[in-house]
Amino acid sequence: MSHQFPQQDAGNRPVLQRRCWCARNLLLLLLTVCHHGCSGEPDLVPPESAPATDPPPHDRLSLQLFTEKILPHSLSLRHEVPRDSYEMPLIMGGGCSIADLDGDGLMDLIAVPGSTSASTNSDGQLACIVLQQLPDGEFRDVTGPSGLLTKPTGMGCWLADIDHDGDPDAVTTSSAGTMLLRNDSANGLIRFTDVTLESGLSTARWSTAASFVDIDRDGWLDLFVAHYVDYFPGSQCLDTAGNPDYCGPQAFSGTTDLLLRNRGAEGYPLRFEDITLVAGMGTRAGRGLGSICCDLNGDRLPDIYVANDMEPNFLWIQQQDGSFREEAALRGAATDIQGRPQASMGTTLSDFDQDGMADLFLTHLRGESNTWYRQNPRGVFSDSTSRTVLGESSRQLTGFGVIAEDLDSDGFADLCIVNGRVMRSPLQRNPAPQDHWSDYAEHNQIFLGGQNVNFRMVSEGDPFLEPQEVSRGLATGDIDNDGDCDLLVAGINTSLRLYQNTASGSGNWLRINVIQKAGRRDAIGARVIVTSGGRQFERVLLPYAGYLSSHEPSLYFGLGAMQAVDSIDVYWPDETAGREQFPGGTVNRMLTLQQGTGVRPEGVTDGTQ
């Protein structure tokens, strides 16, 4: 049944009232700013009179970091959605992932579809796009036989070894719920089996971000799933001109998120137990789109940060008894510097100012700005965006996928952001739209980091910046095994795009895999510190940052001019392992560090410094 909202626009505000509101603010010329939900983008100033949002010329660069590798294009590789349908989930997805699915040491590619009748099976499920990398570096489409599924409308896919058998299993999210699929790949054939029902993962709510994290530090990965809104299929909303458009989140109430404990330690490796209420996380409803799950206050207990759409973000701090307490406002990470909630989408973590404490970075809606939450002191964050060019450069764009990696190996974290609107703008509408999606298309962004958080924007010259598309997912990994960071982009009504890093780097590097002893799985949540020449480079293995996307589970360290590594310290995420130190050595190589093969520094028994 169709739910009609003839008197409401995408911000869930009566149309007449919103038109008056817009007129008043046009006269005030931005003296007041309305913050809408993900589809309620304000257009307060016509483009010809809008303030400049690019960095000054001396902070802009013209260079090429990436080369686009053409993938096998076919209709099955497109995230296609009906252009005459304005169902809200269709404008929100989908994500993409990079992982070695068949254990051959080569990264494979995954994209989550929106809604295409051609890829729907008899159970109404969608086949995720799976491209298997071959030894010659080319890819073949194994979408059908892979059995990697999601429900419509697809959102994202996350990979991790849940059952300790050495290969990555998958969780997919959608507007119709979450699925768990066991990896049964063998003999070079990628195969997944749906084990959703037997795992206890029975939810039909609109799920978005997911993260694997060892919450109880028992060596088995638990699962956090963010939920978006209580959406009614068939809901219709209007833009400011009275035309049909995608609804915004304010038209619907938020829902509670989900925390599941892996019962593998009890002998049930594919069974999960819902501990949301027991953990104290069932008391707050939100509109979650992104999440970061790791220790955020320095007590070695994993915490959970949730980026909410047009509501204050959550920061669930784990207590010593295993329960969680929501402290985002107390710790400065709930709203922007003016205390206003923003339309938070993509979320990532990196030590941008190199003070030894990881910072948060969030992408937001057009009319707002992307936000850098600096951590200092430990466990406390502050909106420090105004110290950089990152804020004003994003005000005319709607950011979704984001990654923070050292693209040129100079020792400083860089940012890549993919953009795409969620609602038409009558004031900035394409004068000659080529198709339905032209009014939503935007370009991507690259910012190169530097000393004292001096970001410079790459304004031209790179193929990553050229497409004007509705981009959503952004994943990173070493596709060609040359040690650097390549990019995979997924969008709406466009084919997957793969960008290989071909930058003539300005420094040396080290890529590190950290493997947990039990089950040979990646040590998700491990903190790794590389010491070289008196300088420390710190990273956390966090493959589930960004927007609806999963990254290769390895750590890349740009080392700049450093010629050798003195030592490598690993803080393992499980309760008993603590800290181990590994020898350094030469640079420009890939290392695998196995838990239990390093040396415990004298006097250190609990992983603290």
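**A walk through cavities, sheets and aromatic rings**

About 40 Å³ of space lies in the second largest cavity, and the structure holds 3 cavities of 30 Å³ or more. This is a predicted model, in which local features need pLDDT of at least 70, side-chain atom pairs count only at pLDDT 80 or more, and totals for chains, interfaces and linings use all residues. Residues are numbered from 1 along each chain as its sequence is written, and side-chain values use heavy atoms, with hydrogens and water left out.

Let us stay with that cavity for a moment. Rolling a probe the size of a water molecule over the atoms shows where empty space is left. Here a cavity is a set of points, on a 1 Å grid over the protein atoms alone, where a 1.4 Å probe fits but cannot get out; lining residues have an atom within 4 Å of a point. Grid points are joined across faces, edges and corners, and the volume is the space filled by probe spheres set on the points. Which residues line the second largest cavity? They are Phe352, Phe412, Ala413, Gly449, Gly450, Val453, Asn454 and Phe455. This lining divides into 5 nonpolar, 3 polar and no charged residues, with Gly counted as polar.

Now to the strands, which are DSSP runs (E, at least two residues) numbered from the N terminus; two of them pair if DSSP finds at least two bridges between them. One open sheet has 4 strands in the order S13-S14-S17-S18, with antiparallel pairing. Strand S13 (207-213) and strand S18 (272-274) stand at its edges with a single partner strand each, so one side of each is left without a neighbour in the sheet. From one strand to the next, the twist averages 25°, based on axes that are lines fitted to C-alpha atoms, with angles running from 0 to 180 degrees between N-to-C directions. Within this sheet, S13 meets strand S14 (residues 222-227) in the antiparallel sense over 5 bridges. Serine 211 has phenylalanine 224 in S14 as its bridge partner.

Another open sheet of 4 strands follows the order S2-S33-S32-S31, with antiparallel pairing. Its edges are strand S2 (66-69) and strand S31 (470-477); each has a single partner strand, so one side of each is left without a neighbour in the sheet. Neighbouring strands here are turned by 25° against each other on average, direction ignored. Strand S32 (residues 486-492) and strand S33 (residues 497-501) run antiparallel and are joined by 3 bridges. Look for valine 489, whose bridge partner in S33 is arginine 497.

Further along the chain comes strand S34 (residues 508-515), where 7 of the 8 residues are buried, meaning under 20% relative accessible area with a 1.4 Å probe, protein chains only. S34 pairs in the antiparallel sense with strand S37 (residues 555-560) over 5 bridges, and leucine 510 has phenylalanine 557 in S37 as its bridge partner. S34 also pairs in the parallel sense with strand S40 (residues 589-594), over 6 bridges; there, valine 514 is partnered by leucine 593.

Strand S35 (residues 527-532) is mostly covered too, with 5 of its 6 residues buried. It runs antiparallel to strand S36 (residues 535-540), and 6 bridges join S35 to S36. Threonine 531 stands opposite glutamine 536 in S36. How many residues lie between S35 and S36 in their hairpin? There are 2, and glycine 533 in the turn has a positive phi of about 60°. S35 is also joined by 5 bridges to strand S38 (residues 564-571), again antiparallel, with valine 570 in S38 as the bridge partner of valine 528.

Finally, the aromatic rings. A pair of aromatic rings is described by the distance of the centres and the angle of the planes. Rings of Phe, Tyr and Trp (its six-membered ring) pair if their centres lie within 6.5 Å; planes under 30 degrees apart count as stacked, over 60 as edge-to-face and the rest as tilted. The structure holds 16 aromatic pairs. Phenylalanine 314 and tryptophan 316 form one that is edge-to-face, at 5.9 Å centre to centre and 65° between the planes. Phenylalanine 314 counts as buried because its relative accessibility is 2%, and tryptophan 316 counts as buried at 2% as well. Phenylalanine 400 and tyrosine 547 are also edge-to-face, at 4.9 Å centre to centre and 70° between the planes. This pair links distant parts of the chain: phenylalanine 400 is in strand S27 (residues 399-405) and tyrosine 547 in the loop between S36 and S37, 147 residues apart. Both phenylalanine 400 and tyrosine 547 are buried. Elsewhere, Trp206, Tyr228, Tyr231, Phe232 and Phe252 form one aromatic cluster.

Note on methods
Buried < 20%, exposed > 50% of the residue type's maximum accessible area, 1.4 Å probe, protein only. 1 Å grid on protein atoms, 1.4 Å probe; cavity = no way out; pocket = protein on both sides within 12 Å on 5 of 7 lines; lining within 4 Å.
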